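Please look at the sequence and the structure shown here before reading on. The paragraphs that follow lead from one strand outward to its surroundings.

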Amino acid sequence: MTDLNAQNPLELEVKNFGPIAEAKIDLRPFTVFVGPSNTGKSYLAILIYALHRFFGDRLSGNAPDDYRHHTPHYNIFWDNRDCQLSAETRNKIVEWAEQTFVEKKEPSNKESIPIPEPIAGLVRSAYRRFDKYGFKLGDEIRRCFGINQTKALIRNGNTRNAQVIFRRSVSEDSKPFVYGLTIDAQKSVLETTIPEQTPMRLKSPVDNLSFQDLCRMSIDLKGNEPVFTSRLATAAMTHVFGPFYLPMFYLPADRTGIMHAHMALTSALIRSAPMAGLRQTPPTPMLSGVLADFIEQLIPLGGPLHETSQSHLGDQIEKCVLRGIVNVKTSETGSPRFTYRQQGWKTDLPLMNASSMVSELAPVVLYLRHVVQPDNVLIIEEPESHLHPAMQVEFTRQLAALVRAGVRVLITTHSEWVLEELANIVRLSGLSKAERKGIEGGDVALRPEEVGAWLFQPKNRPKGSVVKEIPLDDNSGLFPSGFDEVAVALHNNWAEISSRGGASG
């Protein structure tokens with residue numbers, strides 16, 4: 001598993017955003033948002049998705065063709081017409097390329113290569129251009145939330161602007177990169193702080209180019225300085241942006257209804273939906289960006305399919321949780337038709353006639369089988385929905401196995417069972433493999449630094465939610481989320497009822 005931020009996590013700070021008064025989190029391989037309803041868990045998850053769409057897909061050029069078509073200069077690194085390198089810098093580039101790349105093997109996905117000065121300065125300069133594209137980041141956030149007016153993102157009743165800040169130190173001894181987005185009632189302003197001499201590194205692959213391709217480009221520039229700088233900046237993005245740069249997929253809470261209704265939503269409808277892609281938005285959005293993206297990702301499942309390296313994890317969910325198989329067939333219109341075959345059956349059942357648990361988890365199985373790859377990020381809202389507590393526990397184990405296989409996971413949840421099993425999975429990491437033998441679910445464990453649980457607590461002052469990390473309690477072995485307070489209140493109420501009943505008798 002590629003550990004992008006074990007030592008230098010990407011920290012996200014949010015103020016006055018939607019229902020959130022203040023939050024400060026860092027993204028772990030397994031990140032959990034827990035708390036009462038209407039406290040902003042989905043708000044923060046959607047914001048993370050929007051930031052990914054901007055700093056990952058959009059700027060790197062990894063977005064689908066339709067996304068690029070409707071976004072002039074979708075990669076701002078190309079907007080670099082004034083990039084004229086000095087003879088000294090040009091010579092440094094050629095010397096570095098020859099020493100670093102020529103006749104050397106392509107590094108593995110876990111390796112990175114340092115970029116020396118003054119070449120690293122070209123990358124920092126490219127990242128500073130983000131400032132003038134703050135309004136495009138605001139556009140993407142509004143698209144993902146399905147709103148038209150920026151002021152709708154500001155905490156209700158608050159007179160201050162909303163702020164979204166993320167920072168990351170790319171080395172132990174360097175000051176962090178800081179990107180701060182300020183959202184007022186009319187606009188969005190992005191401010192970038194990149195300290196000089198901040199080290200830069202390259203990761204592979206380089207925007208579909210090998211290191212050798214980049215080497216040839218750097219040795220034979222021939223006036224292509226803007227192209228080279230763009231490729232170089234893109235190659236360093238994984239090192240700088242961590243999980244924000246990785247391909248990310250969002251499974252919304254209402255995915256069951258979408259799975260049932262997808263046949264009525266054709267590809268043409270999705271393409272013309274006001275919030276799909278990055279087209280000009282009419283007065284009333286029909287779909288939020290996360291819903292439009294989810295439906296668009298379902299449509300290709302009706303065509304030729306290829307299994308991913310994570311398909312076996314989808315098989316495990318079918319075996320251990322669904323106890324049956326999810327299938328995809330192509331309808332007459334070319335859209336996918338989803339079915340379910342229970343273990344021991346010889347016929348398929350239309351998904352809409354299967355249990356709500358099957359409909360809820362079918363997208364997870366399909367994404368693991370045909371979409372998600374290692375080093376991708378999967379956001380799942382309320383994975384416990386429609387699941388019996390025993391199945392919630394088993395599905396949590398399957399999600400932990402997914403993290404162990406290299407996929408980063410973020411969930412929002414209200415489930416005590418999910419948190420308790422996740423605590424057990426973390427505590428298992430303190431045992432040797434021999435000591436885990438015979439423990440149910442003992443084959444999968446996650447280290448404490450790989451898991452982060454964050455509690456969304458409603459407050460009156462300031463009015464809104466305050467988000468804080470829940471540490472794993474050494475005494476109870478649990479993530480203290482407040483669920484026990486509900487159990488205690490129910491018990492006390494039972495005792496009160498019982499005592500009065502006894503008195504009256």
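Which residue in β14 does Val34 stand opposite? In this model, which is a predicted one, the residue in β14 that stands opposite Val34 is Thr413. That pair belongs to a wider arrangement, for strand β14, made of residues 408–413, runs parallel to β3 and is joined to β3 by five bridges. Strand β15, which covers residues 451–459, also pairs with β3 in the parallel sense, again over five bridges, and within β15 the bridge partner of Thr31 is Gly452.

How many of the five residues of strand β3 are buried? Five of the five residues, 30–34, are buried, so the strand is largely enclosed by the rest of the structure. In a regular strand the side chains alternate between the two faces of the sheet. In β3, Phe30, Val32 and Val34 point one way while Thr31 and Phe33 point the other way, and all of them are buried.

The next step is the sheet to which this strand belongs. It is an open sheet of eleven strands with mixed pairing, and its order reads β7-β6-β5-β1-β2-β16-β15-β3-β14-β13-β9. At the edges stand β7, residues 188–193, and β9, residues 248–251; each has a single partner strand, so one side of each is left without a neighbour in the sheet. On average, and with direction ignored, neighbouring strands of this sheet are turned by 15° against each other.

Helices lie against this sheet. Helix α15, residues 416–428, packs on the sheet and touches β3, β14 and β15, and its direction makes about 150° with that of β3. Helix α13, formed by residues 356–370, lies across β9 and β13, the latter spanning 377–381, and runs at about 160° to β9.

Helix α15 leads on to a residue of another helix, Arg397, which lies in helix α14, residues 389–404. Is Arg397 buried or exposed? Its relative accessibility is 13%, and because buried means under 20%, Arg397 counts as buried. Leaving aside residues up to four places away in sequence, Arg397 touches Glu421, Ile425, Glu440, Gly441 and Val444.

The nonpolar interior can be described through its cores. The largest nonpolar core has 70 residues, and those with the most contacts inside it are Phe17, Leu44, Ile48, Ile115, Tyr127, Tyr179 and Phe241. Helix α1, which runs over residues 41–60, gives the most to this core, with ten residues. Apart from this core lies another, of 59 residues, among them Val32, Phe294, Phe338 and Leu378. Phe241, named above for its contacts inside the largest core, touches Leu10, Phe55, Tyr127, Phe130, Phe166, Arg168 and Tyr179, when residues up to four places away in sequence are not counted.

Tyr127 brings the reader to helix α4, residues 119–128, which is mostly covered, as seven of its ten residues are buried. The buried residues in α4 are Ile119, Ala120, Leu122, Val123, Arg124, Ala126 and Tyr127. Ahead of this helix, Pro118 has its place in the loop between β4, residues 113–115, and α4. A cis peptide bond, with omega about 0°, joins Glu117 and Pro118.

Most residues other than glycine have a negative phi, and most peptide bonds are trans. Two asparagines depart from the first of these tendencies. Asn16, found in strand β1, residues 11–17, has a phi near 55°, a positive value in a residue other than glycine. Asn38, which is not a glycine either, has a positive phi of about 60°, and is found in the loop between β3 and α1. Which of these asparagines is buried, and which is exposed? Asn16, at 10% relative accessibility, counts as buried, whereas Asn38 is exposed, with a relative accessible area of 75%.

The protein chain as a whole can now be considered. Its secondary structure comes to 17 helices and 16 strands, and buried residues make up 53% of its 505 residues. Among contacts in the protein chain with a separation of 6 or more, 72% are accounted for by residues 24 or more positions apart. The protein chain exposes about 23,000 Å², of which carbon and sulfur atoms supply 51%.

How values were computed
Residues numbered from 1 in each chain as written. Predicted model: local features only at pLDDT ≥ 70, side-chain atom pairs only at ≥ 80, totals over all residues. Heavy atoms only, no water. Buried < 20%, exposed > 50% of the residue type's maximum accessible area, 1.4 Å probe, protein only. Helix = DSSP H or I, 4+ residues; strand = E, 2+ residues; numbered from the N terminus. Pairing = 2+ DSSP bridges. Core = buried A, V, L, I, M, F, W, Y, C linked by side-chain atoms within 4.5 Å. Contact = heavy atoms within 4.5 Å. Axes fitted to C-alpha atoms, helices over the stretch in contact; angles between N-to-C directions. Areas by Shrake-Rupley, 256 points an atom, 1.4 Å probe, with all protein chains shown as cover.
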